[in-house]
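Reader: Hello, I am new to this structure and would like a close look at how one part of it sits among its surroundings. Please start with whatever term I need, and then lead me through it step by step.

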Amino acid sequence: MDLSDFKTLKFLDKFNGLFERFGIDYVAMRRILQVKLTMDQRRVPTIFTQNTAKKKQDENQFIKSLWIYGLFGLFLIPFILLGDNYLFQMSITFGVVMFIIMTSMISDFSTVLLDIRDKMILQTKPLGKRTVNAARIIHITIYMSFLTGSLTAIPLAVSLFRHGFSFFLLFLIELMVVNLFIVVITAISYIAILKLFDGEKLKDMINYVQILLSIALLIGYQFVARSFEFVDLDVVFQLQWWQFFIPPVWFAAPYEWLLHGNNSFYMIAFSILALVVPFLSIFVYIKLIPSFERNLQKLSNQGAPGKKGHNKLRSMIANTVCRSKEETCFFHFASLMMKNERQFKLKVYPSLGFSLAFPFIFMFNELREKPLSEMASTNSYFSIYFAIMMIPSVVFMLQYSGTYKGAWVFITTPIQEMSSIYKGTLKAFLVKLFLPVYLVLSAVYIGIFTYKVIPDLIIVFISACVYTMLCFKALFNGELPFAESFEVIQQSDGWKVFALIMMIALFAGIHFVSTIWVGGVYIYLILLVGLNFFLWKKGFSQTAEPK
């Protein structure tokens, strides 16, 4: 295959002069991108090695997964068709688009933005730092463009037929600006973190920022909705000062200004922010590139070893929840993998943030309609079931690792019971990841609903243990923990995760029914404990032997 065959690079060729004006060696940048895109296409998931059918050499698994984003785009169509209140329609639309793109940026592309593996090769060549950094940004932007195109292709077509060419053109231009804004703001955020931290602390801080950013996006989406009130089925925009900090409202304002002729101060100010802030952030980022490159090397520094007190605490917990030395050994192994595997944290930790945020968002919505004292007498505590929504995705991810080739340790280890591997791993997940989120939420719920909800909270925790086993049986098909490459995820049975999330409603429904009768909660609790004991005792009988 000729490296120059990439259509995206041929498109970039039309703007080579623009790159040169910014001090970027376009020829060198293009060659770097050629190599990166070629390597992307040669990355063959492990799952394909088990398929005897002949595969095309240049398959790109990211491209093959874009149809999923196309399905997400269908949810935007009702807002496009809703009417002519462009500020409301497009604020919600851009809120959803920015949420999906940003979370994809966090989970899939941050490793590219922070990749230092090619520095040893590129630093030996006469390349400017701007050129190398531009190649990194363009590499991400290419894939984000595919993602955004898949997400918004159908809504764009609907907008053309529903609102005309002017609306369509403005929508298309703003999507480009939104992508640019997301990439640059993410990069600037990492520059700030790189400036303040180093080594392992930096790597952990990046994960924490990604969690907080995901939560902030989720909460920000709620603020977008709060900017509007429905009065007699008409949407009324309530102008507030804090809306200047809500980017989706910025990008919706030009529709009112340019297409509806709304020349109010707020519409013009929001429109200016939508245009100025993304491009201003580019110039800020360019100025910070030298600092970014200097501090990026900190990612290769190793942090100090963990404190002995932490090791003693981990050992005490492991000895409490595990039933054998083998199980305890794999509990420690899985705990360390979940703590030190950055790719795993990058993909899993945002879901922990969502599980922590969703119950609070639900309670916030309740508080808008009734005071806290009145809500305490309701059964709104069932919203804590949102916390266990993370279990399917995390259990699913327990199969994968960035260092999956190290799975040979399972072969060399004299394991007497294969079930110990799975039990130790699942218990490590419940203790290290689920339990902290659950305890925080439980403390808040007890404070709101008093001690009467303690039996219900215990039921939720036992349900989570039962649910974890059901997810394990559905998602693990004989694979060993951390033994598969992350690259196979896009071709895995992701639909099972969605189906399992729907099962949470069944647990909540049975729990709710048990509250109708006196003593029903305690009967249900006893039944759950029995089911949990049975599943953890017999559920590992068909686990695979290491190969």
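Author: Let us begin with one term: a residue is called buried when its relative accessible area is under 20%, exposed when that value is over 50%, and partly exposed in between. Please also keep in mind that this is a predicted model.

Now to the close look, which starts at V183. This residue belongs to helix 10, which covers residues 165-196. Its relative accessibility is 2%, and because that is under the 20% limit, V183 counts as buried. What does V183 touch, once its neighbours within four places in sequence are left aside? The contacts are with M105, I137, I140, T141 and M144. One of them, I137, lies 46 residues from V183 in sequence, yet the two C-alpha atoms are 7.5 Å apart in space.

It helps to set this spot within the whole. The protein has 23 helices and two strands. Of its 547 residues, 50% are buried, and V183 is one of the buried residues. Contacts across long stretches of sequence matter for the picture too: among those between residues at least 6 apart, 81% join residues at least 24 apart. The pair V183 and I137, with their positions 46 residues apart, is one example of residues far along the chain that are 7.5 Å apart from C-alpha to C-alpha. As for the outside, the protein exposes about 27,500 Å², and carbon and sulfur atoms supply 67% of that area.

From here we can go to helix 15, which runs over residues 325-340 and holds E326. Not counting residues up to four places away in sequence, E326 touches P414, I415, Q416, E417 and S420. The C-alpha atoms of E326 and M418 are separated by 9.3 Å, although their places lie 92 residues apart along the chain. Q416, one of the contacts of E326, is 90 residues away from E326 in sequence, with 8.2 Å from C-alpha to C-alpha. Q416 sits in the loop between helix 19 (408-412) and helix 20. Is Q416 buried or exposed? With a relative accessible area of 75%, Q416 is exposed, because that value is over 50%.

E327 is also in helix 15. This residue has a relative accessibility of 3%, so E327 counts as buried. Beyond four places in sequence, E327 touches V321, C322, S420, K423, G424 and K427. S420 is therefore a residue to look for twice, since it appears among the contacts of E326 and of E327. E327 and E417 are 90 residues apart in sequence and 9.0 Å apart in space, C-alpha to C-alpha.

Next come two helices side by side. The axes of helix 16 (residues 342-367) and helix 18 (residues 390-397) come within 9 Å and cross at roughly 170 degrees. Because of that angle, helix 16 is roughly antiparallel to helix 18. Helix 16 brings F344, K347, V348, S351, L352 and S355 to the contact, while helix 18 brings M390, S393, V394 and M397. By class, these are six nonpolar, three polar and one charged residues.

Two loop residues are worth a stop as well. T450 is in the loop between helix 20 (419-449) and helix 21 (454-475). Its phi is near 70 degrees, a positive value in a residue other than glycine, and T450 is partly exposed at a relative accessible area of 43%. F482, in the loop between helix 21 and helix 22 (494-514), has a positive phi of about 60 degrees without being a glycine. At 3% relative accessibility, F482 counts as buried.

Finally, a word on confidence. The average pLDDT of the protein is 78, and 77% of the residues score at least 70. Over residues 43-58, pLDDT stays under 50, and the model has 20 contacts beyond four places in sequence for that stretch. Where pLDDT is low, the predicted coordinates should not be read in detail.

How values were computed:
Residues numbered from 1 in each chain as written. Predicted model: local features only at pLDDT ≥ 70, side-chain atom pairs only at ≥ 80, totals over all residues. Heavy atoms only, no water. Axes fitted to C-alpha atoms, helices over the stretch in contact; angles between N-to-C directions. Helix = DSSP H or I, 4+ residues; strand = E, 2+ residues; numbered from the N terminus. Parallel < 35°, antiparallel > 145°, perpendicular 65-115°, else oblique. Contact = heavy atoms within 4.5 Å. Nonpolar A, V, L, I, M, F, W, Y, C, P; charged D, E, K, R; others polar. Buried < 20%, exposed > 50% of the residue type's maximum accessible area, 1.4 Å probe, protein only. Areas by Shrake-Rupley, 256 points an atom, 1.4 Å probe, with all protein chains shown as cover. pLDDT = per-residue confidence, 0-100.
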